[in-house]
Structure formats: structure tokens, C-alpha cells
Amino acid sequence: MDTLIQFSIIALLLPLVSFVFLIFTNKKLPREGDFIAAGAVGVSLILSLYIFFQVVVGEYNPDYSLTWNFTWIDFGDVPGVGPLQIKMGILIDNLTAIMLVVVNLISFLVHVFSMGYMAGDKYYGRFFAYLGIFTFSMLGIVLADNLLAIYIFWELVGLSSYLLIGFFFEKDSAANAQKKAFMTNRIGDIGMWLGILILYSQFHTFGYEEIFQGIQDGRFTMSEGWLTAAGILLFCGCIGKSAQFPLHVWLPDAMEGPTPVSALIHAATMVAAGVYFVARIFVLLTVDALHVIAIIGAFTAFMAATIAITQHDIKRVLAYSTVSQLGYMVMGLGVGAFAPAFFHLVTHAFFKACLFLGSGAVIHAAHHEQDMRWMGGLRTKMPWTFATFTIAMLALAGLPLTSGFMSKDAILAGALGFAAVEGGLYYLIPALGFTAALMTAFYMGRQMWLVFFGENRAHLKPEDPHDDHHHAHDDHHGHEVHEVSWEMRLPLVILAALSIFFVYSINPLDGAKGWFLHVIKTPNTVVQSTGDYHNHTEDHAKASGLFIKEAYAESKSDTHTESHDAEHASVFSDPRQAAIDHATHDAHYMAIAFSSIMLLFGFGLAYVVYFKGIIDPDKTAEKIKPLYLYSFNKWYWDEIYDATIIRGSFMLSNMMAWFDKNIVDGMVNFVGSSSKWFAFKNGRFDQLVVDGAVNFTAFIIQFFGLVFRKIQTGHVQTYVALALVAIIGYFVYFFIG
Amino acid sequence: MLSLIVFLPIIAFFLILFLPGAQKQAIRIISLVAAFAQGVFSLIIWQGYDSTKPGIIAGESGNVHETFQFVERFDWINLEFGRFGTLNIEYFMGVDGLSITMVLLTALISIIGVISSWTIQKQVKGYFLLYNLLSTAMMGCFVALDFFLFYVFWEVMLLPMYFLIGIWGGPNREYAAIKFFLYTLFGSVFMLLVLIGLYFSVIDPATGNHTFNMVAMVDQANYIPGSIFGPENSLWRLVAFVALFVGFAIKVPMFPFHTWLPDAHVEAPTPISVILAGVLLKLGTYGMLRINFPFFPEVFQDLAFVIGVFGAINIIYGALCALAQLDLKKMVAYSSISHMGYVLLGMAAINTEGMTGALYQMFNHGTITAMLFLLVGVIYDRSHSRQIEKFGGLASYMPAYTFVLTLAFFASLGLPGLSGFISEAFVFVGSFSSEVTRPLAIVSVLGIVFGAAYLLWSLQRMFLGKRREDALYEVHEDEHGNAKIHFHDWKGSNDLDLREYLMLAPLAIIVVILGVYPMPILGLMTSSINQLVEVVVSYTSFAMN
């Protein structure tokens, strides 16, 4: 076994060991065992970094991959199939190596942050145990080499998300939110599961490689519609986990969990698992499936951004922003901007984790105040938090020199390129993307100014009669807001540093020149092209031929000639993707220009409204009240689902229970009681007729008995007389007859 | 060896019979020892089992020793009827992949059941007499290879079950007991008729006589042409299949014959619910796999879709009904109906993945549902109520109980890493791979969602949040300011006590181990399942040629 595989297995299992150990022993350990959890993830992080440097830096090859597997279930010699084994294994390529570091690094930083943030909690040790099982499951998703394994870990992150959202389970809102998250994800998961079933039924394997090879060899015997369905169904898993429309409703509620959890699970890693998964199965997505993905992503990016601009809760703004950014990533995959989408996943993980941890620091310092209306002026009191939050905020908004700028622009350029190839209504996709970018800048600016600038407005908060306990608590500590301790500051600084451009590319304007977009390349589709797109995109295909020639010539002078050769040769095999890549290249500067305008406009508006106060937000909201309420109430999705799906299910369930009790069981009881009725009638019949006949016979016999008894007197004279009568009768009969 | 496993409880039965009823502890210990010995012998059999031997069908010229293991075979009843031939009933036992998994499950559940019965106070002697009789009958059903012997065990099982529910049950116990008894008896009448018909249709190739040998009945070559279930008599074969199927389906229980189950569970005492859900329900599906499908393979193929439809109905209908229940035990009972639907669906796929999933689901449902019923018993002992909406916030006060219950609930809703997932997953894999049942698989995945819904919702209502105003327990603070709870008249430990740990921990460990690495159980069954699929599939191709 390769050392890399061994290391990855150890890195995978360490957090699990920590979970199992801590869940049983946390109360008995010093510090409730937090150092064990952090230590386990720390070692995992070191191993991941080793793997990262070996694979990404050492190999520096986009096509690198390393696999290992073992037989998990052996079905023996199956009739009609032959020997059938279900394998489990590990796949390490550039995607994996990068994700390993992202997950472990953020997890480790969150562990450190939580030591400060969760200090004094009743279930402190349990919290760290839960973090362990989350890290384990997330690493499992990253390392899995087959669909069954990823589904297994997919559900397990669902479990850890469930446990952590409901960490404060005594609060009803937390208990509701955890159930909602699990249920919503399950709906997505059954889609994903059906997608897996379609592929399994064709190839009798769950392995990515075998399935891709099978499709490429044309062994997918069902119609192409089924392949499209498989792609869309698999994407359903992403819709659930990555909170895409229409299953996005769970994520904002998931903010009921402790804030470090929101940073780790519901912003940086788990919700990005959906995007990672779509990237994994990207090659088997048909064009139709990609269109669906692009539309869902773009719509989600836009819709979530419209909601984020009116929310008051600091974490909810960030939650909707996460939904929106995940929409960008999904849109990126849908439009064929594979590498930028994954790039955005990574950059977003860092800056969003930083923003969440920063908001956690603010909440912690402000004595659990989450409403931005009662914050303000924290800039001077919390300089470290302010500085790191600002950097991450700028990265989210997409300011040049930040990581977010590079990745987001690459996606938007991809969307423009896609629209150029597909034409027509598909221009809506980049349009939605750019509009979302505008709103992103606005709501982040709004949050910035509300939280960190101006006067502190804590005293303006209306008294809440139900909140006596809370006030006593606050009075005790005073309203003094102060900077958080070092274990909470350090993660912020590291994450902010990772939100700056030079980590990924030397050229701040073009990520394509950096190492990241060198090792991550759009893989070749394995779907047999039907040829439609050839005509449809002829111009671009021609142009792309030219483009590739140019690029090819250019690459001669490049140092990494071999890999470019392979890559460009493969680009020819898929004219559609080549056309999109070409159009994307053309659109690059246009995208930068557009998004810069959006950025300036959005920030400017937020500045005018929330810093200068030239426009009063409340009065404006009053003027466009329906729109404002529509946004504030999250497009009423919760209400709609509640009225339809949830109520419908309960109605159906009650109907079924009624049916069961009254109709099905009623039939049984009817059969029972009618048998009983019949038995009683039968009993009557028995008594009256059958027994009556018997008694009647007895009666007749008795009657005759009585009659004949008269004759049986016992006197000889009577007998002689009777005999005489008989003899006389005989003679009379004999002579006359 | 098998006889010993089957009749150990009968030895205990006679020992108890001669003990005075006041010796409660001795009676319990004898039963426990018998159950343990049964468990130990089952483990020995498990160790000695060669999983490459397929079972299901006899080897060369009817030699069952080639395929079955631990075979015991004697003439039992041998009656000469002159020109009508001889009535030949054998004492014939043996195991293959189908039965060994069920033997292990039965032994395990029997032990757990005895531990759970420890707190029974009413007529202890009578209770354990019946319990041991039941235990023998269950085990006998799974190892019998002679149909008559199987039928005897099947009928013997009814009687103790009837009294155990009818005497030691809840308030409405007599109704539930009689319902259970009549329903099952109704099913076994059909079985008896088919049993007789089969006897006159099948000859044992080794002796040339009519036989009740179930192994001989699998081989279609042993059916006499022109007899009632002979190969060309397709109408009567269909009738026989349906009659047998209904008999077994009542036991499963399959919609619409399921309503005895919630009543029986709600009334039955905890250990009897555990046995009922853990073992008895499996006899229905085991009977289908052992008898129904291989005896009439072509009918099975024709009706696979219909069976799958009923499986899908069970899954979704059971889950929806469970969602509406307010009694925790009734909810678990309906969840059993839902989960047994997966078994039906998996079998209807007629492929290795589906059938393996079904058989593995039988084992896993046995362990998981046993856990669930035990856990229901824990809270019922303390509060004398099972109303889901009469608690709230228990997680704060009963952490160990909450932990085990959460584990059991997640196992029940099919969380990966716990055994229920693997069986459900392969049921879906199999039923989707078969073109006949594919639409049903697509519909049935909804069961996964509803399953999560009723379990998580109950979990929330009982354990999460805060104590409800009308909760059936009181909270007060002790001198250290720690909140303690108090159940009305409960003297014991508030959280799980040692006995409860002893019942729950083994099941929990098995559920986890088999969820991570299923081969210890799944590996036993694969070659038998492959053989079974081969038997079912190949017969039709033979007929079509």
C-alpha cells in the first residue's frame, strides 16, 4: 500500500477515534478532552498537508490520481452477472488533496476557536466529540472512490449536522431546525440514491472509474434520457446538501447551531460537499443535465442574495450569502466552468469560515446579541476581528486582490462564455449571476457598516419582558464589549490570510496563471456526443480550433509542455466544452469589467444608505413594502412548504391511520363479528332445528312409549286377551282375504 | 447438534415443570441457562458452518448432505396403508444460508427475551414454561426440512404466544390474543391444505415414496406429472402458491393482513413484543424463501410484481401510519410493517442483491426492532405510559437512555454505518436492477423520507426541547443544584440500569458491527441466495425451452 494511502486512512480514522473515545469519556477527562479532539484533527491536518505537497506540489500534474480499494461485500458467483463484489476504496487526486487540506485546516481552526467560544458550556466535551464525527464523515466524502461510499459518508455528515445544529437541544428552535435539516437533506438524498441506482443497475458497480469507463464504452444500455435523469438525480443530493433551490430552506435555520459549527459545517465544508460531488461526477453529466444545474445554481445565487439584503440577524445574512455563493459554484459547474467552480469552493471555504468565526467573535463579545440593529461601533473595540472580517468581507464581495475576486470572476466569465455558446435565454444565467454580485456587495457593505461602524446601539434594543434572565446576566457582566481571546483570534488571522490572492496565483487579476487552476482542469466528458451541439455551436467550435492552435503554439514555450499537449488533444474530443472554454476566454475581461461595476455600485449604495444615512432604509422599505416583505420573509418558501408538503404529508398520514383503523381493521373486525353473529345464529339453529329434531324424535318415541306402556300392563289376562284378539284377527284376515 | 439447539428449552421446560412456582429465581435462571446454552451451540454451528455449500436444493440424486449442513434425518412416523402406500414423515433438520442466519437471530433474541422477562412477576412458572415452549417452536421452524415437521413447529408456536399475550398482556389483551391466534390459524389452514397436496405430488427420488421432504420439493423433477401440483397443472400450482403466500403473508404481516400486529404489540408484555417482532415476523418471509418461491418458481416469477407492489404498500403505508401514531409502541409496530415491506420488495426483485438485502434485512430488523421494543419497555416501566406527547426534554435527564434510543432510531431510519442501511440499500439496489420491480423501487424510496420523519419527530417530542407542562415526570433540584427527575412510583434507577444495559448493549454492538462490516452474517447467505435465484430463474428458462 502506498504511503499516501496509508496516511490518508490514518487522517480519515483519527477524528473517528476521537469521537468514539470522547463520546464515552468526555466528562472524566481534564478539559473534557478538547485537546484530544484538536490533537486528532491536528495530526490529520499534518498528514493532509503531506499528501497535498506530495500530490499537488510534487506531481503538479492535472491528471494525477492514485487509487486503492478492498472488497467490502462479496456476493459470490451471482447468476446472470458473474462474480460480484462491492468494493470500498480511496481515490487521491488533486481535488482530493486540496479538499483534504481545506477540511482539516478549517476543522482544526474551528477546534481551536471553539476552545474559547464554547468554554463553560454544559456539554463542552460532547461538542468536541461531535466535531470529530463530522470531520471523519467529511473526509470520507472527500476520499471516497465510489458512489456507495460517498452516499454513506453523505448521510453521516447529515447525522453530524443534525447533532450539531441541535446541540442546544433544549431550545425548541434548535430541535426544529435539526429535524428540518435532516429531513430536507433526506429528500435530496433519495434523488441522489435513485441516481446511484440507475448507474448501478447498468454496471453492477459503484466505482467512479468503472462507471465512467462503462459509459464511455457505450455500455449504458438504457436511453439517453435515463443518463440525463441519473445526472439530475445525483445532482439532487447536491441540491439538498448544498442548499440549492428548492431545498435551500434548511440552511438558514441551521444557524441555530453553535457559531463555530456554522462556520465549519454550514459554510465552509459540508455544504460545499454537494459541489464537490457534482465535480466528481461531472464527466457523466449530459448537456441537458448541465443546463438544469446551471439554471438551479443561477436562480439560487440570485434568490438567496435578494433575501440576504433585508435580514437583521448577523448569521442569517451570512447564511443566505452562503446559499448564494453555493449557487455560484453550482452555476459554475453547470456552465462548464469546472475549475473556477471548484476554485470558488476553496476560496469561499476560507473567507466564509473567517466571516462566520468573526461573527461568532462579535456575538460572543456582545453577549449573545445577534441582531445587527443593536450592534454598531465595534471597530475600535474589536480591532482584530474587524480587520480580519473586513478582508474576508471584501473577498466575498469580490474585490480585486482577494481570492474571491479571482474565483468569482472566473465563474462569471464562464457563465458569459456559456451564454455566448448557448445563446438566447441562456443569457439570463450570467445576468442573474451579475445581479447577485451587485447584491452581494450591498449586503456585505450593509453588514460591515451596521456592525463595526457608527455608534453602539445596544441600548436602543426594546425591552423584552420574557428575557429577564438574560438581562440579569448582561447587567452582571456589564455591557462592555471587548476583543476576544487569542484562541479565537488566531483562526481569524489565518483564515483572513488565506483570503488574499497570492496564496493561489501571483497575478491578482487572472487566477488561470496560478498553481490552483493548473492542477484543476475540466475533465473530459464520457457522454457520447449526439452531434446536435456540433451544428449548434459550429462557429465557436471553429473558433475554438483556432484558439487551441494559438494556445498550443503558446504552450510550446511553456515549461509544462507535456501536460498541455494531453489537455489540448482532449479538448478536441468535446467540441461543446471547447467552444465554451474559448468563449470564456474571450469574456474574461468583460466579466471583470461588469463585476467591478457591480461591486462599486453595491458598495456605494450600502455606503450611502448605512454609513452616510442619505437614504433612510426604513422609509425606503416602507415605500416598497410588498417587495421588502417578500424579501424579508424569504420569498415565503417556508410557508409554502408548510402549507403544501408538510401539511399534505400529515393529512395523508392521518388519513392512512384512519383508513387503517376503521377500514382495514374494521373489515377484520367485521369478519370477526359476522363470524360470531353467524356462529350465534348457527347456535340458535342448532338449538332449534338440529337439537329440536333430536328432541322431536325423542318426543315421538316417548309418546309411543307412553301409548304402548298402556298395553304393557304385566297382567296375564290382558296378554291372553290380546293374543286371542290377534289370532281372531289373523283368521278373519286369512279367510276373508 | 441442531436437535440439541431446538430442544434445550424443552429440557428447561420439564425442569421448571417440576419446580414449585414459588422458586421464581430458579425458574428464571434455568430459562436463562437454557437460552445461553442455545446461544453457545448456535455459535459453535456458526463457526463450523461452511459458507460455500449452497443449500436450498439437494445434491446428486437427492443427497442432502452435499449441500445442507448439520443434517439430522430419521424416519419419524411410518404408517403402512396397504395399497395407498406408506405415510412417511421424517424427522429431518439441517441448515443452509437461509436458516443459519435465522438460527443465530433466534438464539440471540431468546437470550435477550429472558433477560427482559426478569421483571415479570405474575405467575412466573407458567410464563417461563410457555416461553421455553415458544423458544423451541421458533427454532424448530427454522431448522426443519420436512414440511410436516415444519408445520408441527409452526402450530406449536401459536399456543404459547396466545397465552403469553392473553394472560400477561395489557388491558385489552384478550382481544389482541384472540385476533392474533385466529388470524394466524386462518393462514395455517391454507398451509395445511397445500401441505397435503404437495405430499401427493412429490416423490423422494431416493426412496420413490411420497414425501414431505422440503428439499425434494424444490426440485421440479420430483413432481409427478398429472398430480395436483404436477408441472403442467398450472392453475392448481397458482392456487397453491397464493394459498401458501397468504398464510405466510399474515405472519409477515403484509398489507392488508397486518392489523393484528399493532394490537398484539400494544398489548403484549415487552419481552413478548421483542420475540414477536424479532423472530416471529421473520417466519413469514423465511417461509416464503424456503417454501413458497422455490416450490413454485414460475408462479413466483409471474407474481413478482404483485408481491413487490404489496412490499411497496407496506413500506409507505406502514410509515405513514407510524407517523400518525401517538403511542410509541404502536409507532414502532407500524415501523415494523414498513420495514418488513423492504423484505417483500427485495425478494420480489428475484436477483442476488435484492434477495440478500431482504434476508439481511430480516436479521437486522430483528435486532433493531428488538432494541426499539426494549427501549419502549424502559420508559413504560418508569412512567406507565407510552404516549409520545407526555414527556419532552428527557434528553437532559436520561442521557444514556437517550443515547441508546437515538442509536436505535437512526439504525431504524437506515443511517449508514448501522446495519439497517446495508440491507435497505441492497433491497433498493436489487429491486431497481430488476426491470419488473424498478417502478416500485422508485416509489418506495419515499419510505426513507417518511421513516426519518416519524422517528425524528418522536425523538424531538419525547427527548428534545424542555419538559412539557403535562409531562409524566417531575423535575426537582438536589442539594448540589443538579436537576433530577422523578417518575411517579418508580423506585429504580432513572436512567438505564444494569439489566437494561445487558439487554441493549449486545444488540447495539451487533447493529454497529454489522453496519460497518456485514460479511460475518451476509457472507453466510450469499451462496444460498445465489442458489435460490438460480433455482427460481432457471426453472422458467427450462420451461420455455
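Student: Which residues of H13(A) do A:Val271, A:Val275, A:Val278 and A:Ala279 in H11(A) meet?
Tutor: Heads-up: this is a predicted model, in which local features need pLDDT of at least 70 and side-chain atom pairs pLDDT 80 or more, while totals for chains, interfaces and linings use all residues. Residues count from 1 along each chain as its sequence is written, with chains lettered from A and ligands numbered from 1 in written order. Helices are DSSP runs of H or I with at least four residues, strands E runs of at least two, numbered from the N terminus, and contact puts backbone-placed C-beta atoms within 7 Å. On that basis, the H13(A) partners are A:Thr322, A:Leu326, A:Met329, A:Val330 and A:Leu333.

Student: How many charged residues does that contact of H11(A) with H13(A) have?
Tutor: Asp, Glu, Lys and Arg count as charged, Ala, Val, Leu, Ile, Met, Phe, Trp, Tyr, Cys and Pro as nonpolar, and the rest, Gly included, as polar. Here there are eight nonpolar residues, one polar and no charged.

Student: Are H11(A) and H13(A) roughly parallel or antiparallel?
Tutor: Their axes, lines fitted to C-alpha atoms over the stretch in contact, come within 10 Å and cross at roughly 0° on a 0 to 180 degree N-to-C scale. Under 35 degrees is roughly parallel, over 145 roughly antiparallel, 65 to 115 roughly perpendicular and the rest oblique. So H11(A) and H13(A) are roughly parallel.

Student: How do H6(A) and H8(A) run, roughly parallel or antiparallel?
Tutor: H6(A) covers residues 172-203 and H8(A) covers 224-241, with axes 7 Å apart and an angle of about 150°. That's why the pair is roughly antiparallel.

Student: How many nonpolar residues are in the contact of H6(A) with H8(A)?
Tutor: A:Ile187, A:Gly188 and A:Leu194 are among those from H6(A), and A:Trp226, A:Leu233 and A:Lys241 among those from H8(A). Split by class, the contact has two charged residues, seven polar and, as nonpolar, 12.

Student: Which element gives the most to the side of chain A that touches chain B?
Tutor: There, 37 residues of chain A contact 44 of chain B. Strand S1 and helices H5, H6 and H28 of chain A each give two or more residues to that side, which has 23 nonpolar, five polar and nine charged residues. Top of the list, with 13 residues, is H6(A).

Student: Over in chain B, how many residues of H13(B) are buried?
Tutor: Buried takes 20 or more other backbone-placed C-beta atoms within 10 Å of a residue's own, exposed 12 or fewer, and partly exposed lies in between. H13(B) is largely enclosed by the rest of the structure, because of its 32 residues the buried ones number 29.

Student: What phi does B:His384 take?
Tutor: B:His384 sits just after H13(B). Its phi is positive, at about 55°.

Terms used
Two residues are in contact if their C-beta atoms, placed from the backbone, lie within 7 Å.
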